[in-house]
Amino acid sequence: MESNPNLPCLFLFFSFSSLVVATSHVPELQTYIVQLYQDELGSAGFQTKLHWHLSFLEKATVLDEEGDPSSRLLYSYHTALEGFAARLTGDEAKALRALPGVVSVRGDRRIDLHTTYSYKFLGLNFSPGGAWEMSGFGRGNIIGVLDTGVWPESPSFSDRRMPPVPSRWRGVCQAGEGFGPANCNRKLIGARYYLKGHRTNYPANPEESSVSEYVSPRDAHGHGTHTASTAAGAAVPGASVLGIGAGEAQGMAPGAHIAVYKVCWYNGCYSSDILAGMDDAVRDGVDVLSLSLGGFPIPLFDDSIAIGSFRAMERGVAVICAAGNNGPMPSSVANEAPWITTVGAGMLDRRFPAFVRLGNGQMLYGESMYPGNRFLKNGGKELELIYEYGGTRDSEYCVRGSLPRARVEGKMVVCDRGINGRAEKGEVVKESGGAAMVLANSQINQQEDSVDVHVLPATLIGYQESLKLKRYMNSTRRPIAQLVYGGMSVRRSRGPAVALFSARGPSATNPSVLKPDVIAPGVNIIAAWPGNLGPTGLPEDRRRTNFTVLSGTSMACPHVSGIAALVRSAHPSWSPAAIRSAIMTTADVVDHFGKPIMDGEARAGLYAVGAGHVNPTRAVDPGLVYDIEPQDYITHLCTLEYTQTQIFTITHRNITCSQVLQQNKNFSLNYPSIAVAFKRTSTSVMIQRRLTNVGIPNSTYQVQVAAPRGVKLRVVPEVLTFVGLNERKSFQVWLESTKRRAVYSVGEGHLIWRHSGQPKYKVRSPISVTWQG
């Protein structure tokens, strides 16, 4: 998922100058992922699974003169998938599809990548009874991060005071360019890289020779280093971004171990490489998988992440994924599988104010992390404003080569947001002789305020402020302005709030499950950064820092990955579903002022916020959990009318849905949230749920409900009494539509189970209701 809009495409920059690429690349060959039935009899005649996989290539491919099928093979999968990735022609792929034992043959798909304060914002501290103390800081857990790699020298990956590597760990520290076994330690316990899919889909060419990439787990772009340190970075006192945002940097689970799987390169992350990374990670022994990547929603049986994560979930691995940055568009949420915890992005209450004082005295609010700000608190130099709207659209957006030096030299340049990266616009202004920049949000960006460590004095203003700025500039012959910096403020503004870019529900492929599940800090997150990059990530930026600021659901995802490690450390036997339930049912639905979480100017809806904003202190001790067995997900897929082949593609199990549904009448997935759709002919729906007591023995819970508008809601029974721990109790939720026709299409409510004697146990489930037609 996009995490830093400053950078193009994958939001990373580099070339293939150091990659070794086969010169015999055949243009008509493409990468396909071939999924096989797990046929023990069919594979029994072969020495290994690899030999069995190669036998399929022998049957279907037209080989070169050497006749070696392994020359076409990229990966042989055994854990996340039974099958392989290979380079094939279209005819060969068609021939493979016709072979007995082949489930599917899918083309490789490119997938995009979607701190010093956020742990404090989430209430993580050293106080007795807090999440860190109750979980031992996540000790003993291993978080696998699939991303762009890692910069191992970062102080965030110091292993000081870390316990020994768990004996169950089976991973490696793979050597490569600028990386070797000595780069791993008790914090960063493993690292691998996967290049075959990317190299095949995007071979090198001369235009890509200006920037370098490491053919190793080393991170050349920063995204992976940033996400890994957010999840489980060690404590780093005195961390800052060139003096801005100073504090102690720390990951969500500072006691957890990190294993890095580099699956993303300069042109994206390919599903063949991602599956290979997941395959190894599960075998290596990770407890949590963190994937800050994805795309638009696609059917689960076509989604390699959904397919690979199902097998990971079966083996007890909690899979956490970013929801995507395609908000606020409805049904834009990615990674929708119900066995995945899907994370949207929220905003902190930390701000970096940088005002624009206009010549008429008007002050426009903006934000910036330009490191020179701290020296300019009384205001920068008064400069003439210039906005090149009279030429091409490129000049309005400050695209490279569009700003004439004679027009902008020594002036404060206004650049519209869009087309190219935010920080790149500042570099363009600087190279053209401009003295400062005002980055103006467009209508689509509204008031969203992702900050950057600009290369010159600059600030980002919201859309309403940009309209005021341009009105002023049109009102006078010589518009002038100066930048006035306000330092850093904390807890003076409302937070958390939903980030504008955070992807929204309802789920396009699975509307009976409410997605995203939760939101977490994802705007202006400060975390570790490689030593080969400037804080903007631009090749021209020669500044160096151990930390930088990024925004995106990519940043929200590792927050929850770290929190999942805390919950798992406190409860080692819990399933991934129980961990997700603990995080969802304890989430906050109000901000730090006790007011509803906002989405822009409106109260946040369930399709934006899910169950709410993560609260790690409550998540490690939730009282009750909604648990789900792997077989329950299969029954759920049957209720969605998936075919037998589609279900096998996802679950690797042969299922006859008619039998499954006959044995599970009135089935509903035991999900922590509730999503109901009234069809044209239906006026009532019954939902079943089951709770497991994980709090204290001899507990009684009373239900409290807030019915969605247009719905009559009752819960049976209204009281649940648990005698022992791990005891299960079921209840039914009856929903009846009270309107004759759809005056409004969506209703929202909730139900809460409150403990009779322990106020801290408050188990909340959001309820979403839609009317079809």
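Trainee: At what angle do the axes of helix H8 (residues 271-284) and helix H9 (residues 304-314) cross?

Mentor: In this predicted model, the axes of H8 and H9 cross at roughly 10° and come within 10 Å.

Trainee: Why are H8 and H9 called roughly parallel?

Mentor: Angles under 35 degrees count as roughly parallel. The axes of H8 and H9 cross at roughly 10°, and the two helices are therefore roughly parallel to each other.

Trainee: Which residues make the contact between H8 and H9?

Mentor: H8 contributes Ser271, Ile274, Leu275, Met278 and Val282, while H9 contributes Ser304, Ile305, Gly308, Ser309 and Ala312. By class, this contact has six nonpolar, four polar and no charged residues.

Trainee: Where does H8 lie with respect to the strands?

Mentor: H8 lies across strand S5 (110-113), S12 and S14, and runs at about 70° to S12. An open sheet of four strands has the order S11-S12-S5-S14, with antiparallel pairing.

Trainee: What makes strand S11 (264-265) and strand S14 (293-294) edge strands?

Mentor: S11 and S14 each pair on one side only.

Trainee: How do you know that S11 pairs with strand S12 (residues 268-270)?

Mentor: Two strands pair if at least two bridges are found between them. Two bridges join S11 to S12, so the pairing criterion is met. The bridge partner of Cys264 in S12 is Cys269.

Trainee: What makes Phe301 and Tyr642 an edge-to-face aromatic pair?

Mentor: Ring centres must lie within 6.5 Å, and planes over 60 degrees apart count as edge-to-face. For Phe301 and Tyr642 the values are 5.6 Å centre to centre and 80° between the planes, so both conditions are satisfied.

Trainee: Which parts of the chain does this pair tie together?

Mentor: Phe301 lies in the loop between S14 and H9, and Tyr642 in the loop between H18 and helix H19 (644-651), so the pair ties together parts that are 341 residues apart in sequence.

Trainee: How do you know whether Tyr642 is buried or exposed?

Mentor: Buried means under 20% relative accessible area. Tyr642 has 11%, and is therefore buried.

Trainee: Why is Tyr365 called partly exposed?

Mentor: Partly exposed residues fall between the buried limit of 20% and the exposed limit of 50%. Tyr365 has 32% relative accessibility, and therefore counts as partly exposed. Phe355, with a relative accessible area of 25%, is partly exposed as well.

Definitions and conventions: Residues numbered from 1 in each chain as written. Predicted model: local features only at pLDDT ≥ 70, side-chain atom pairs only at ≥ 80, totals over all residues. Heavy atoms only, no water. Axes fitted to C-alpha atoms, helices over the stretch in contact; angles between N-to-C directions. Parallel < 35°, antiparallel > 145°, perpendicular 65-115°, else oblique. Contact = heavy atoms within 4.5 Å. Nonpolar A, V, L, I, M, F, W, Y, C, P; charged D, E, K, R; others polar. Phe/Tyr/Trp six-rings, centres within 6.5 Å; stacked < 30°, edge-to-face > 60°. Buried < 20%, exposed > 50% of the residue type's maximum accessible area, 1.4 Å probe, protein only.
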